[in-house]
Amino acid sequence: MIDSLISAAKVGDIDLLYKLIQMQPYVLEHTDFMPFVDTPLHVAAAAGHASFATEIMRLKPSSVWKLNQCGLSPMHLALQNKHYRMVCRFVNINKDLVRVKGREGLTPLHIATQTGRTDLVAKFLSACPGSIEDVTVRSETALHIAVKYDQFKALEVLVGWLQRNCQRLAEDREKRVLNWQDEVGNTALHLSVLKGFPQS
């Protein structure tokens with residue numbers, strides 16, 4: 001039955017999904033007992049079947065947090081496969097998905113920063129402001145990631161967002177994020193100086 005569910009996810013067939021549910025009402029529950037595998041939501045997200053993925057998220061909300069054998073959530077897979085509309089839909093459904101930690105503690109904000117998707121960086125920060133404080137297993141913030149991967153535009157978006165929003169919220173957040181040290185003691189500013197990023 002799980003194989004049929006995966007087949008439905010691969011092609012985005014919602015009708016088949018419901019036929020399978022009619023045949024075995026608890027078919028989606030079986031995915032809870034399968035740690036670190038591609039669930040139907042992972043498969044649909046990787047393939048870009050937004051409607052099917054949305055339906056699965058509605059029926060089985062907990063599936064959005066599961067990591068597959070590569071340490072990736074459905075949101076990570078949608079990002080990795082450049083299904084950006086689906087990524088935006090995921091965030092519209094559940095803004096906290098911006099904070100789901102995948103392999104090495106990378107969140108969707110870290111990945112959008114790493115790949116220079118400033119539109120997504122801005123959307124993620126707007127939807128989930130607390131995500132600016134999330135760190136990887138190397139204790140790197142999104143600012144560290146921007147510098148590490150030479151994403152100057154993403155760094156500008158992150159710092160600009162901090163400056164604008166910390167005036168309205170709390171200056172502590174700005175100081176905390178800007179002064180955050182990675183596992184070897186470097187702040188994003190230290191790294192940008194070492195890499196020769198222009199200072200503004």
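Which residue follows H1, and what is the sign of its phi? In the predicted model, H1 is followed by Gly 12, and the phi of this glycine is positive, with a value near 70 degrees.

The protein chain that contains this helix is built from twelve helices and zero strands, so that its elements, read from the N terminus, form an uninterrupted run of α. Taken along the principal axes, the box filled by the C-alpha atoms of the protein chain is roughly 60 × 30 × 25 Å. Of the 200 residues in the protein chain, 46% are buried, and among contacts with a separation of 6 or more, 66% are accounted for by residues 24 or more positions apart. The protein chain exposes about 10,100 Å², of which carbon and sulfur atoms supply 53%. With respect to charge, the protein chain carries 23 positive and 20 negative charges, and the mean positions of these two sets lie 3 Å apart.

Helix H1, which spans residues 2-11, has Leu 5, Ile 6, Ala 8 and Ala 9 as buried residues. Because the buried residues of H1 fall within an arc of 155 degrees when seen down the helix axis, they line one face of the helix. The other side of H1 presents Asp 3, Lys 10 and Val 11, which are exposed. The packing partners of the buried residues of H1 are three helices, namely H2 (14-23), H3 (40-47) and H4 (50-59).

How values were computed:
Residues numbered from 1 in each chain as written. Predicted model: local features only at pLDDT ≥ 70, side-chain atom pairs only at ≥ 80, totals over all residues. Heavy atoms only, no water. Helix = DSSP H or I, 4+ residues; strand = E, 2+ residues; numbered from the N terminus. Buried < 20%, exposed > 50% of the residue type's maximum accessible area, 1.4 Å probe, protein only. Contact = heavy atoms within 4.5 Å. Areas by Shrake-Rupley, 256 points an atom, 1.4 Å probe, with all protein chains shown as cover. Lys, Arg positive; Asp, Glu negative; His and termini not counted. Charge placed at Lys NZ, Arg CZ, Asp CG, Glu CD. Arc of directions from axis to C-beta.
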